[in-house]
Amino acid sequence: MNGGTNGMLEIRNLHVAVDGKPILNGIDLTVGAGEVHAIMGPNGSGKSTLAYVLAGRPGYEVTAGSVLYDGRDLLAMSPEERARNGVFLAFQYPVEIPGVGTTSFLKSAVNAVRRHRGLPEFDAMEFLKLVREKRGLLKIEDEMLRRSLNVGFSGGEKKRNEILQMALLEPRLAVLDETDSGLDIDALRIVADGINALRGPERAMLLITHYQRLLDYVQPDRVHVLAGGRISRSGGKDLALQLEKDGYAEVAA
Amino acid sequence: MSAEPIRPLPYAERFAAVAAGLPGRSLPWLAELRAESIARVTALGLPTPRLERWKYTNLNPLLATDFVPAPGGGQSLGSAAPSGLLPAERTAHRLVFVNGALRRDLSRIGALPAGVALVGFAEALTDDPEGLASLLTPTAGTEDDALVALNTAFMADGCVLRLGRGVALDEPIELLFIGAPNGAAVAFHPRNLIVADPGSRATVVETHVGMGSGVYWSHPVCGVTIGDGAVLTHLKLLDDGPRAFHIARTDVRVAARGRYDSFVLTTGGAVSRDEIAVALDGEDAECRLTGGYLARGRQHVDNTTEIVHAKPRTVSREVYKGVLDDRARGVFQGRIVVAEDAQKSDGHQLNKTLLLSDHAEIDSKPQLEIYADDVKCSHGATAGELEEDALFYLRSRGIAESAARRLLIEAFLGDVIETVADAGAQAALARRVGAWLGGPDGGRAP
């Protein structure tokens, strides 16, 4: 049942193909509760594929290997089951959905997860109170919550909205896919503060990023370099600095 | 049309037997009009798919059923009588028709402002036949329409609404048409007439429902005349029984600065066709035609519209959106004509369809005919499945696939439902959409 503190997420020899083309070629990775791991790598190295496979996006074919989450077969679960069991993906490109109000979407999501956990659903008032509490420093105004989901949101607003969702859903395993991309320094700081506020002993995080700069604000416990669909190197947070200085070609080779 | 083989409609032969029992039989002009009309039906036959306007909707199933004209009079509906679209507290004025016949015992007409007359068609034939005669002149272009002629021959009842100059009606007028076939496959041919004199304003809410699952043919024809600066809002819910045929035609003439706003939501019926023809016949006249359609199983739903911009600076806005599941088939035909002297006119048309099944089908046909040179006119049509990215995004937040689909479908239809200004009617339409989505198939693809 329990994979132990060192093994909330255990990825073993994971091979994934998209449209018959291999993208991931044998990933091995263990992330324990309370840990923050960074996955870095050049464009096309398979970072986003890894994020999507963990969240269960259709269209990704696992050709070999396994993923255990709390000792359970993650790959056998539907995307909604994963979410209800505490897996969260912050999207690199949050999807715009005209006609679905941001607030009603957030409420549906929170209540779906609460139902699964055997908790009573929130009514509109209780939910509003929760949002006001969770949005904390994210600078999310009521006006933004009244709009259609992600429609007309700036890049920064979309990323803040993702972090708000993470705060509301309180996942155990958060995968953040290039959450820093497209943000100016102020927005980056807001998002990083949001991430740091959610760090905790029961929560594991996987930060997927191309650049080291997010890691100036969110200090990882481990850094892994993804290249050619494999983890080519792992190390402490200094590895990120080395990558920034010497480039992927030098370090990951 | 020349070498078109005639498809005779056996039903037309029943005219002789019922003619003597139709209202207004003592009026020579009406007897003549009915006789001419039935002769036209016989000469033209039922429209075939070879006619361009009927290319996508085949009326053969109508020929396969032995329809009988619905008898007038009062059959009991029992306690299961369906309600209309509007909540009970909003039904200040409601006319209820059972198999096309006005039922005063089920209807209610509250206090109407001076200048407003709301009566049944049969009553109007008795009380003011000459006034009615002028309204029955066939609309240009419908002389060769066999179905309009059939309605004229058989028309027995309906609603006649006259709004005097400058009068504004606050409460909507609700027309509830109940198809209640009692063993036999009944056909009924309501004729509704609405005249809005200059500067008047009103909302008419029309609900068509069926009781039980018997076969019937609801065949209303509606004539709308909108005077200078008058505004008519016309909402329709077509929620007929599962084996019903609903073939409707509405002809509208809008004078200068007048406006016709139509909303049609189709959820019921085996075969339905809602045809609306609007003539923007005065400067700055406007119309907004909005529609939604939800169909599953083997339902066939046809929305055919024609807007003629006859005068300068006329404006039309048209949006129809639908959701088709299983083997349902949808048809959207939108003809927009901008006449030579209708300069500075502005027309926009959009048709979007969500296909929830590989076997569902939409035939979408825009048809723009522009004879003026200084106009804005555009159209668009799309058909597609639910967006996988959106579905995954919702599911990745713990929302079940079925609930996520439902959210996306409701969102898709949301912008047409939201055009309904009357809050009570809008909420009722949204509830109808929700109920459809929660139906046996849950709005899901197989």
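Okay, so let's start right after helix H6 of chain A, where A:Glu170 takes a positive phi of about 45°. Keep in mind, everyone, that this is a predicted model. And for background, most residues other than glycine have a negative phi.

Now the helix just ahead of that residue. H6(A) covers residues 155–169. How far apart should its ends be? At 1.5 Å a residue, the 15 residues should span 21 Å, and the end C-alpha atoms are indeed 21 Å apart, so the two agree. Is H6(A) mostly covered or mostly open? Mostly covered: 14 of its 15 residues are buried, and buried here means under 20% relative accessible area.

So what sits against it? One partner is H4(A), residues 124–134. The axes of H4(A) and H6(A) come within 10 Å and cross at roughly 120°, and that crossing is right-handed. If you want to click on side chains, look at A:Phe127, A:Leu130, A:Val131 and A:Lys134 on the H4(A) side, meeting A:Leu164, A:Ala167 and A:Leu168 on the H6(A) side. By class, that contact has 6 nonpolar residues, no polar ones and 1 charged.

Stay on H4(A) for a second, as it also packs with H3(A), residues 102–116. Those two axes come within 11 Å and cross at roughly 95°. H3(A) and H4(A) are therefore roughly perpendicular to each other. From H3(A) you've got A:Thr103, A:Leu106, A:Lys107 and A:Val110, and from H4(A) you've got A:Ala124, A:Phe127 and A:Leu130. The class count here is 5 nonpolar, 1 polar and 1 charged. Notice A:Phe127 and A:Leu130: they take part in the contact with H3(A), and they turn up again in the contact with H6(A).

Right, over to chain B, and another helix pair. H7(B) is residues 388–395 and H8(B) is residues 401–417, and they pack at an angle of about 125° with their axes 9 Å apart. That angle makes H7(B) oblique to H8(B). The crossing is right-handed. Which residues do the touching? In H7(B) they are B:Ala390, B:Leu391, B:Leu394 and B:Arg395, and in H8(B) they are B:Glu401, B:Ala404, B:Arg405, B:Leu407 and B:Leu408. Sorted by class, that's 6 nonpolar, no polar and 3 charged.

Back to backbone oddities, since chain B has some too. B:Asp284 isn't a glycine, yet its phi is positive, at about 65°. You'll find B:Asp284 in the loop between strand S16 (271–280) and strand S17 (286–295). Its relative accessibility is 27%, so B:Asp284 counts as partly exposed.

Then there's B:Lys344, with a phi near 60°, again a positive value in a residue other than glycine. B:Lys344 lies in the loop between strand S20 (329–338) and strand S21 (346–355). Is B:Lys344 buried or exposed? Exposed, with a relative accessible area of 55%, which puts B:Lys344 past the 50% cut-off.

While we're on loops, two more in chain B. B:Gly183 is in the one between strand S7 (173–179) and strand S8 (186–188), and B:Gly183 is exposed at 83% relative accessible area. From B:Gly183 to B:Ser396 you count 213 residues in sequence, and the C-alpha atoms are 51 Å apart in space.

The other loop residue is B:Ala114, between strand S4 (108–109) and strand S5 (116–120). B:Ala114 is exposed too, with a relative accessible area of 75%. B:Ala114 and B:Gly164 are 50 residues apart in sequence, with 8.0 Å between their C-alpha atoms.

Last stop, a strand residue: B:Ser364, in strand S22 (residues 361–370) of chain B. B:Ser364 counts as partly exposed, at 31% relative accessibility. What does B:Ser364 touch, leaving aside its neighbours within four places in sequence? The answer is B:Phe332, B:Asn351 and B:Ala381. As for distance, B:Ser364 and B:Gly424 are 60 residues apart in sequence and 31 Å apart, C-alpha to C-alpha.

Note on methods. Residues are numbered from 1 along each chain as its sequence is written. Chains are lettered from A and ligands numbered from 1 in the order in which they are written. This is a predicted model: local features need pLDDT of at least 70, side-chain atom pairs count only at pLDDT 80 or more; totals for chains, interfaces and linings use all residues. Side-chain values use heavy atoms; hydrogens and water are left out. Axes are lines fitted to C-alpha atoms, for helices over the stretch in contact, and angles run from 0 to 180 degrees between N-to-C directions. Helices (H or I, at least four residues) and strands (E, at least two) are DSSP runs, numbered from the N terminus. Angles under 35 degrees count as roughly parallel, over 145 as roughly antiparallel, 65 to 115 as roughly perpendicular and the rest as oblique. A crossing is left-handed if the near helix is turned anticlockwise from the far one by less than a right angle, and right-handed if clockwise. Contact means heavy atoms within 4.5 Å. Ala, Val, Leu, Ile, Met, Phe, Trp, Tyr, Cys and Pro count as nonpolar, Asp, Glu, Lys and Arg as charged, and the others, Gly among them, as polar. The expected span of a helix is 1.5 Å times one less than its number of residues. Buried means under 20% relative accessible area, exposed over 50%, partly exposed in between (1.4 Å probe, protein chains only).
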